[in-house]
Amino acid sequence: MNQKTIEYASEYTTVWSFPQRGNWATHNPKYRGNFAPQIARNIIEMYSQKGDSILDPMVGGGTTLIEAKLLARNALGIDINPNAIELTEQALNFNHQPPSKQKVQVADARDLSFLKDNSLDLILTHPPYMNIVKYSEGQIPEDLSNIGSLPKFCDEIEIVAKELFRVLKQDKFCAILIGDTRKGRHYVPLAFNVMQRFLKAGFVLKEDIVKVQHNCKYTKRWEWKAKKDKFYLIMHEHLFVFRKPKTDEDLSRIRFSRQL
Ligand SMILES: C[S@@+](CC[C@H](N)C(=O)[O-])C[C@H]1O[C@@H](n2cnc3c(N)ncnc32)[C@H](O)[C@@H]1O
C-alpha cells in the first residue's frame, strides 16, 4: 500500500505541532528521538539561503542534513556515535537538484577545533535530554546521553555552546530543540537551564518556540500514574533560536534577551 506523503506548511507562530511527521525523501522515524523534518525545514528556510553552510553537531539519523540537501544548502553533520554517522550517510543517498554538498564525520560537539571561527551560516541541533534516551550504553564516554546529573550535563552543554558560538558567523542563528524532565515529584527545567548556558556563551535569544509532542511511546503507560499521583505528563519541548550578536552591536537595547 502506498503511504500518503505528509504536506508541509511554513509555521508563523511560536507553537509548532506536527501530529504526523514528514515522510518525504528518505525521512523515517527509526532513529530514536529524531525530530520531525518539519522542524529542520522551517528553521533552514527561515534562517538561511541557498548555498549557505549549515552545521548539525549532533546529527543523529540525519534529519537536518536530508533537509539541507533538499533545500540546496551545504551541510556538515557530526555525531559522537559512528552508528548515527552511518545512518545519516545512508539517508543522504538520493539525488537532488540543484546539487549541494553534505559531509558527515564522527566527532565530539565539545571540540570543533577542525572548524574555523565565524565560518557557518546556521546551526541547528538537538542534544540528548540528559540520559532520558541513551544513545550508547556507556561504551562511548563522550556521549552526553550518559549524563544523569543536571549540573554536569549543563557544564558539558556550555562547552558545546561556546564552540557553536565560535564557529557561527556574526548576526547568524543557532537553533536547538530541548525538552524537560521530571524527577520524583518535581519538574526539572532542563531546557531553561540549557538556555541559560547558551546565553552565558554569548548568544542572545531570538525565539522560544514551544513544540508540542505527539506519539510519545510512554504516554499511555504513564497516563494512569499521572492521574493517580496528580502530575501532568510533559508534552512539549522548547525550540530556542539564538543569534550571535555582531561585535560592535549595542546590546543594551536587548538586555532582557541575554545573560544579565
Ligand atoms: C536527540 S539525538 C539527535 C537526533 C537528530 N535530530 C535526528 O533527527 O535524527 C542526539 C544525538 O546526540 C549525539 N551525541 C551525544 N553526545 C554527543 C557529543 N558529545 N558530540 C556529538 N554528538 C553527541 C547522540 O549520539 C545522538 O545521536
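**Notebook: the ligand, D108, N42 and the cysteines**

I began with the ligand and found that one of its oxygen atoms is 2.6 Å from an N or O atom in the side chain of Y31. Taken alone, the ligand exposes 600 Å², and the protein buries 99% of that, with accessible areas coming from the Shrake-Rupley method with a 1.4 Å probe, where for residues only the protein chains shown count as cover.

Before going on I noted that this is a predicted model, in which local features need pLDDT of at least 70 and side-chain atom pairs count only at pLDDT 80 or more, while totals for chains, interfaces and linings use all residues. I also noted that residues are numbered from 1 along each chain as its sequence is written, and that side-chain values use heavy atoms, with hydrogens and water left out.

Back at the ligand, I looked up two of its nitrogen contacts: a backbone N or O atom of A109 lies 2.9 Å from a ligand nitrogen, and a polar side-chain atom of H126 lies 3.2 Å from a ligand nitrogen. There are 24 residues around the ligand, of which Y31, G61, T63, D79 and A109 come nearest; a residue counts as near if one of its heavy atoms lies within 4 Å of the molecule.

Next I turned to D108, which is found in the loop between β4 (102–106) and β5 (120–125), the strands being DSSP runs (E, at least two residues) numbered from the N terminus, as are helices (H or I, at least four). D108 is buried, with a relative accessible area of 18%, where buried means under 20%, exposed over 50% and partly exposed in between (1.4 Å probe, protein chains only). The side chains of D108 and R110 are joined by a polar contact of 2.7 Å, that is, a pair of N or O atoms within 3.5 Å, one able to donate a hydrogen and the other to accept it within protein, with residues adjacent in sequence counting only if both atoms are side-chain atoms.

I then looked at N42 in helix α1 (residues 37–47), and it counts as buried at 7% relative accessibility. A polar atom of the N42 side chain lies 2.8 Å from the backbone oxygen of Q38.

Why does the structure hold 0 disulfides? A disulfide needs a pair of cysteine sulfur atoms within 2.5 Å, and the sulfur of C154 is 15 Å from the closest cysteine sulfur, in C174, which is too far for a bond. I found C154 buried at 2% relative accessible area and C174 buried at 0%.
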